[in-house]
Amino acid sequence: MAAPKFLVVCLLCLLGLVNGMGSNTNEAEAIKFLNEFNEQAMIEYYITTELSWTYNTNITEYNQQAMIERNLVQAVFNKEARTNASMFDSTNFNNDTIRQLENLLYIGDSALPDEQLAELNKVTASMETRYATGKVCDEEGNNCESLEPDLTRTMATSRDYLELFKAWNGWRAAVGAPARKDYISYIALKNEAAEANDQPDCGAWWRSWYEVDDLEGDVTKLFDQLKPLYENLHAYVRRKLYEVYGEGYINLKGPIPAHLLGNMWAQSWINLQDLTEPYPGKPSVDITPVLVEKGYTAKRMFNVSDEFFTSLGLIPMPEPFWEKSMIEKPTDGREVVCHASAWDFSNQIDFRIKQCTDITMDDFITIHHEMGHIEYDLQYKEQPVVYRNGANPGFHEAVGDVLALSVSTPKHLKSVGLLDEVEDDEEADLNFLMSMALDKIAFLPFGYLMDKYRWGLFDGSTSTDEMNKSWWDLRKKFQGIVPPVERTEADFDPAAKYHIPADVPYIRYFVSFVIQFQFHEALCAAAGQTGPLYKCDIYQSKEAGTLLSNMLQLGSSKPWPDAMEQITGQRAMDASSLLKYFEPLTKWLEDENMKNKETLGWPEDTWMPEHPTSGTTMVYFSKFIVLVTSLVTFLFVRKLE
Ligand code: KAF
Ligand code: ZN
């Protein structure tokens, strides 16, 4: 295997066809080539994106095939661009020409030979279709439910152990296990693609986008710094769940059953807000009931988000966005990919969001997240196509979330009529900070482990024979959660999370969750806000908006530390802003856990919860006892009368 590849590479070297090893030293010609490429790329990408959109908003065999075939045509275009770019010897060109040419040498999956690329496209499309169309039905095969909105709502609102289990387990049976075989093919093909891009494996390739020496080391340091806060939150929430579900289901020294945390993947615990408020008597900071009561529609939620962007002087969502986006789940029977995404059609006009919006606070925040992507797209649309990316993938994920940090403050929500009552005292602040921690702190280990898991599969340190076990090893080690029933290697639970079958890397979200607080702090300073970080709201601050948009306009034309420095004055990821934001809550959690003599972590890590169905027997038994007691009391009282 290795020898022929080596030969090919050397032949290409002799011909000067790889890595800018060409012989043409004429920079004017290089610039002319780049300009022509840019014009043509806008046309080609537009066609490719349109076909992908058609599939994503109407999943049919025909649309899937059209998308796959178009991807092959796009790959031919990309390969040709790579060949042309490699004709130049760019040693003496200016930095920008070098950066653009280098970008064109790495063409992603398109570098695969036709046959393998076709196979990869087929495998990925089949995994994505299975995920997008997955349903959970009852024993008779009736009352089938999809992930959005049905199962998501159940996971968020039910406190019935068995009902939660059925949704959790049903989803994994529907879309997890069936993806196992495809995923093994996928790993091999993605590694081939990595090698075709001069990378040792696909994990290394994905990490290379961050232009640092040791991304894994960098994120591990950040994670270790944040771990104590996570463990404090975990111990506190575990106690609250113990009060609801009792000792058969919750061990106060063990990991938490994965289906009790208000979310299909236990990645956000925001839906446990009502159970976990430090001071329960205070007005709630959850706007879901207000959105529903006031009759908000998806469109109106999008308008409110757009207004926040424009209040900073940022670019409003353009007309075609409103005409062409899909902001609700279609009701005409069409199957669609519901997982939210933001689309740049590369023609400087057409930008769209696809989201099956539910009228909840969660989705209100997701709207800001997605609009952040579009805002970035709009800001860098004058850059050449090769630079129309985030400074790194984490930057792209952070933009909308930064704005949402302001939007979520109770004062802001009240000012736009989304909360009726707010109080401004220490107890109310702690309730608010708890709600933010359930989102931002609970997410950290999940954001960290999703790619740690895939990096292990790609570099071979995790065997495909233990693909499910190693997933749960990481889930237990970092999140402190366990499956509610035993799992085996017939299962493949990672595929029950969108980004795995859909081939979307995940460390970007961990990076985002750290840097969004760095950006927030810098923008708050620009807005002249001097109070605690968690109270800052940059609404209507043109200064904050300008600072942000100047950075966004760079796209990926500069290495990300330059972009970060422009906004924050720092050149590195740093958890200090995040820790500063949560400082009052950290202290409160530490005191509370100390008072209750909580065990931090999950030392009893071999513990498993009772089987859910044996649990139901218990539930029925206790209901029966209650019934008998009431009957006896009733008869007794009657007799007394
Ligand atoms: C983020 C923020 C809050 C909570 C949770 C998260 C993590 C993550 C999740 O697990 O839900 N969030 C998302 O997946 C949001 C979708 C997206 O905006 O990140 C989307 C994912 C995606 C979908 C299809 C193909 C590729 C990526 N990303 C984008 O639409 C996107 C990414 C980069 C540039 C432009 C758009
Ligand atoms: Zn995103």
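Buried means under 20% relative accessible area, exposed over 50% and partly exposed in between, with a 1.4 Å probe and protein chains only. The model is predicted: local features need pLDDT of at least 70, side-chain atom pairs count only at pLDDT 80 or more, and totals for chains, interfaces and linings use all residues. Residues are numbered from 1 along each chain as its sequence is written, chains are lettered from A and ligands numbered from 1 in the order in which they are written, and side-chain values use heavy atoms, with hydrogens and water left out.

**View 1. Helix 13, residues 298–311.** Helices (H or I, at least four residues) and strands (E, at least two) are DSSP runs numbered from the N terminus. Helix 13 has 14 residues and spans 20 Å from its first C-alpha to its last, close to the expected 20 Å at 1.5 Å a residue; the expected span is 1.5 Å times one less than the number of residues. Its buried residues are Ala-298, Met-301, Phe-302, Ser-305, Asp-306, Phe-308, Phe-309 and Ser-311. Gly-313, just after helix 13, has a positive phi of about 85°.

**View 2. The surroundings of ligand 1.** Of 18 residues around ligand 1, those that come nearest are His-339, Glu-370, Lys-497, Tyr-506 and Tyr-509; a residue is near if one of its heavy atoms lies within 4 Å. By class the shell has 7 nonpolar, 7 polar and 4 charged residues. Here Ala, Val, Leu, Ile, Met, Phe, Trp, Tyr, Cys and Pro count as nonpolar, Asp, Glu, Lys and Arg as charged, and the others, Gly among them, as polar. Strand 4 (341–344), helix 15 (361–379), helix 16 (393–407) and helix 20 (507–526) each supply at least two shell residues.

**View 3. Oxygen atoms of ligand 1 and their partners.** A polar side-chain atom of Tyr-506 lies 2.5 Å from a ligand 1 oxygen. For Ala-342, a backbone N or O atom is 2.8 Å from an oxygen of ligand 1. An N or O atom in the Glu-397 side chain is 3.1 Å from a ligand 1 oxygen. Taken alone, ligand 1 exposes 730 Å², of which the protein buries 76% (Shrake-Rupley method, 1.4 Å probe).

**View 4. The zinc ion, ligand 2.** His-369 (NE2), His-373 (NE2) and Glu-397 (OE) are the protein donors, 2.0 to 2.1 Å from the zinc ion. Donors are N, O and S atoms within 2.8 Å of the metal (3.2 Å for Na, K and Ca); water is not among the atoms, so sites may look incomplete. The donor spacing in sequence is H-x3-H-x23-E. His-373 in helix 15 and Glu-397 in helix 16 are 24 residues apart. His-373 is buried at 10% relative accessible area, as is Glu-397 at 5%.

Key. A polar contact is a pair of N or O atoms within 3.5 Å; within protein, one must be able to donate a hydrogen and the other to accept it, and residues adjacent in sequence count only if both atoms are side-chain atoms.
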